[in-house]
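Visitor: I would like a close look at a single part of this model. Please take one residue and the helix that carries it, and then place both in the whole chain.

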Amino acid sequence: GVPVVAAEGVGSCWAERMLLSRWASMDKAFHDLAQGSCTSLRMSDIPWPDRRLAAEVQVLIHRQGEAVWRSWCRDLAVRWHPDKFQQLFAGRLHPDELGEIMARVTATFQWANALRSSDLRLEALE
């Protein structure tokens, strides 16, 4: 998952710890879903990334250094890569919502992958 362990000076205030905690909860929810055995996942079952939260967490992650930030962006893009997502949830997506789910996965991947470009800010994707 994405690194949310606070470096010195990052996550030191209550608000920052809450942001990191919310992101970690979302990360855990995705991991739990991936490890689970539900065989009919719907759109509402998937813990989609909260882009506003990601915008705030991105700033905190970036304070940990360029390498940590790039790793965070890469991990996020890999998680939402359509082929990887389909492989992870093979046969577990509800057939009535498969097209809608994969369209959102693709859009989420494009958003996450775009974060790697240092001149791109999340606000432009809202």
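Guide: Asp 75 has a relative accessibility of 27%, and because buried means under 20% and exposed over 50%, Asp 75 counts as partly exposed. The model is a predicted one, and the values that follow are computed from it. Asp 75 is part of helix α3. Across the chain from Asp 75 is Asn 113: the two are 38 residues apart in sequence, and 9.5 Å separates their C-alpha atoms.

The helix that holds Asp 75 spans residues 66-79, and its axis comes within 8 Å of the axis of helix α2, residues 51-62. The two axes cross at roughly 145°. On the α2 side, the residues in contact are Ala 54, Val 57, Gln 58, Ile 61 and His 62. On the α3 side they are Glu 66, Val 68, Trp 69 and Trp 72. Sorted by class, this contact between α2 and α3 comprises six nonpolar residues, two polar ones and one charged one.

As for the setting, the protein chain has five helices and zero strands, so that its pattern along the sequence reads α-α-α-α-α. Of its 126 residues, 40% are buried. Taking contacts between residues at least 6 apart in sequence, 74% join residues at least 24 apart. The pair Asp 75 and Asn 113 is separated by 38 residues along the chain. The accessible surface of the protein chain is about 7000 Å², and carbon and sulfur atoms account for 52% of that area.

Notes:
Residues numbered from 1 in each chain as written. Predicted model: local features only at pLDDT ≥ 70, side-chain atom pairs only at ≥ 80, totals over all residues. Heavy atoms only, no water. Helix = DSSP H or I, 4+ residues; strand = E, 2+ residues; numbered from the N terminus. Buried < 20%, exposed > 50% of the residue type's maximum accessible area, 1.4 Å probe, protein only. Contact = heavy atoms within 4.5 Å. Areas by Shrake-Rupley, 256 points an atom, 1.4 Å probe, with all protein chains shown as cover. Axes fitted to C-alpha atoms, helices over the stretch in contact; angles between N-to-C directions. Nonpolar A, V, L, I, M, F, W, Y, C, P; charged D, E, K, R; others polar.
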